[in-house]
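Have the model open in your viewer? Let's walk through it piece by piece.

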Amino acid sequence: MAFSRKKLWMSSRDYVMITLAVILYGFGFSAFILPEKVVIGGVTGVGTIVYFLTGNVYMIGITQYAINLVLLAIAWRVVGHTFVYKTIYGATAVSLVVTLMPSLFDGPLIPDQPFMSVCIGSVLAGVALGIVFIHNGSTGGTDIVAAIVAKRTNVTVGRTMLYVDFAIISSSYLFFHNVTTVVYGFIVLFFVTYMVDLMINTNRQAVQFIIISKRWEKIATAVNKYGRRGVTVLDGMGWYTKQSVKILLIVSRKIESVTIFRIVKDVDPNAFITQANVNGVYGQGFDNIKLKADEELSKKLDAEDVEAYDACFCVDGKMDVKLAESLEK
């Protein structure tokens with residue numbers, strides 16, 4: 001029951017954060033980017049082109065949602081139902097925001113400063129999308145295309161999104177013949193991509209500590225108890241003293257590093273300690289490895305396991321069936 005309540009709370013928190021992030025995205029787009037007549041990437045960019053051609057601001061959200069529905073229908077068959085369920089909320093929220101919010105702004109909040117407006121709007125949009133991704137959400141559009149392509153080919157999600165966004169921004173020149181707005185569109189693409197990566201990597205940043213202290217046992221116990229982190233004890237030797245020493249290896253989130261430092265300082269102010277930034281920490285207490293399974297490699301590993309298992313019950317090259325059955329029971 002407690003686990004269910006915790007899971008419900010985390011899911012509710014994700015939806016609240018995704019909603020706030022979508023509102024921030026709509027504000028950055030509607031107040032800074034759209035008034036400068038800049039076409040950005042994604043299905044929002046396609047909706048922007050339709051708006052500029054028709055003059056109807058509501059066409060941004062309508063076009064975006066229509067494209068998302070088609071892509072989601074394809075993704076339902078190709079990628080799977082779980083992906084669609086996770087994406088449809090974010091796609092719906094973004095479509096509503098970019099349909100209603102642009103009409104609230106008659107022009108850019110910073111008049112006669114197109115470059116500044118584009119930079120501010122793209123930073124806000126990038127931060128918003130980063131928050132959405134951190135909280136296990138998706139806004140649809142090129143995310144769906146990338147997921148479909150990644151399912152069928154070896155092209156990465158990030159590369160697919162870059163190709164699609166590049167094509168959408170470049171196509172705006174065919175309609176409006178304005179190089180300046182195309183360049184601004186690429187600036188938006190750069191800033192949005194950079195801010196999304198920054199948000200995601202900042203959330204995942206970790207640090208690694210190497211600690212040498214005569215009071216290593218107390219430090220290790222305190223880190224387990226108060227820092228809520230595991231500690232690996234390694235054997236070492238101080239070459240100057242030629243004496244054996246214990247080395248503590250600790251990996252923690254960056255925001256938890258202050259707690260580790262405080263513990264070490266309280267237990268042994270003279271402890272030797274180093275800290276290094278690390279990225280890509282996976283395992284219990286950190287991130288999960290998110291890679292597509294290599295079916296051929298999995299079959300080979302399974303076959304090796306079977307061979308090793310059979311070898312355990314072989315006597316003089318022959319299978320001891322009775323021994324195998326008795327151990328399995």
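What follows is a tour from the overall layout to the cores, the sheet, a pocket and a few single residues.

First, a word on what you're looking at: this is a predicted model. The protein contains 12 helices and six strands. Of its 329 residues, 37% are buried. If you take the contacts between residues at least 6 apart in sequence, 69% of them join residues at least 24 apart.

Start with the hydrophobic side of things. The largest nonpolar core has 33 residues, and the ones with the most contacts inside it are Tyr-25, Phe-29, Ile-60 and Val-188. Which elements give two or more residues to this core? They are helix H1 (2–33), helix H4 (81–100), helix H5 (114–134) and helix H8 (179–204). H1 provides the largest share, eight residues.

Phe-29 is a good place to zoom in. Once you leave aside its neighbours within four places in sequence, Phe-29 is in contact with Leu-34, Pro-35, Ile-40, Thr-44, Thr-48, Ile-60 and Val-98. Ile-60 turns up on that list, and Ile-60 is also among the residues with the most contacts inside the core.

There is a second, separate core too: 14 residues, including Ala-222, Leu-248, Val-267 and Ala-271.

While you're among the helices, have a look at Ser-117, which is found in helix H5. Is Ser-117 buried or exposed? Its relative accessibility is 0%, so Ser-117 counts as buried. Beyond its neighbours within four places in sequence, Ser-117 is in contact with Phe-32, Glu-36, Pro-108 and Ile-110.

Now for the sheet. Four strands form an open sheet in the order E2-E3-E1-E4, with antiparallel pairing. Strand E2 (232–238) and strand E4 (272–278) stand at the edges; each has a single partner strand, so one side of each is left without a neighbour in the sheet. On average, and ignoring direction, neighbouring strands are turned by 25 degrees against each other.

As a reminder, strands of a sheet pair through backbone hydrogen bonds, either parallel or antiparallel. Here strand E1 (residues 206–212) is joined to E4 by seven bridges, and the two run antiparallel. To see the register, find Ile-211, which stands opposite Ile-273 in E4, and then Phe-209, which stands opposite Gln-275 in E4. E1 also pairs with E3 in the antiparallel sense, over seven bridges. On that side, Val-207 stands opposite Ser-252 in E3.

Two helices go with this sheet. Helix H9 (residues 216–227) packs on the sheet and touches E1, E2 and strand E3 (243–253), with its direction making about 15 degrees with that of E3. Helix H10 (residues 257–267) lies across E1, E3 and E4, and runs at about 10 degrees to E1.

Val-258 gives you a handle on H10, since that helix is where Val-258 has its place. Val-258 counts as partly exposed, at 44% relative accessibility. Try a distance check from there: Val-258 and Gly-227 are 31 residues apart in sequence, while in space they are 9.6 Å apart, C-alpha to C-alpha.

Next, some empty space. Rolling a probe the size of a water molecule over the atoms shows where such space is left. The second largest pocket holds about 240 Å³ of space. Its lining is made of 13 residues, of which Ile-212, Ser-213, Lys-214, Ser-244 and Val-245 lie nearest the centre of the pocket. Which element supplies the largest share of the lining of the second largest pocket? That would be E3, with four residues.

Finally, a couple of backbone oddities. Most residues other than glycine have a negative phi. His-177, though not a glycine, has a positive phi of about 50 degrees. His-177 lies in the loop between helix H7 (157–176) and H8, and it is exposed, with a relative accessible area of 57%. Lys-242 is another case: its phi is near 60 degrees, a positive value in a residue other than glycine. You'll find Lys-242 in the loop between E2 and E3. At 46% relative accessibility, Lys-242 counts as partly exposed, whereas His-177 is exposed; the cut-off for exposed is over 50%.

Key. Residues are numbered from 1 along each chain as its sequence is written. This is a predicted model: local features need pLDDT of at least 70, side-chain atom pairs count only at pLDDT 80 or more; totals for chains, interfaces and linings use all residues. Side-chain values use heavy atoms; hydrogens and water are left out. A nonpolar core is a set of buried Ala, Val, Leu, Ile, Met, Phe, Trp, Tyr and Cys residues joined through side-chain atoms within 4.5 Å. Buried means under 20% relative accessible area, exposed over 50%, partly exposed in between (1.4 Å probe, protein chains only). Contact means heavy atoms within 4.5 Å. Two strands pair if DSSP finds at least two bridges between them. Axes are lines fitted to C-alpha atoms, for helices over the stretch in contact, and angles run from 0 to 180 degrees between N-to-C directions. On a 1 Å grid over the protein atoms alone, a cavity is a set of points where a 1.4 Å probe fits but cannot get out, and a pocket is an open set with protein on both sides within 12 Å along at least five of seven lines; lining residues have an atom within 4 Å of a point. Grid points are joined across faces, edges and corners, and a volume is the space filled by probe spheres set on the points.
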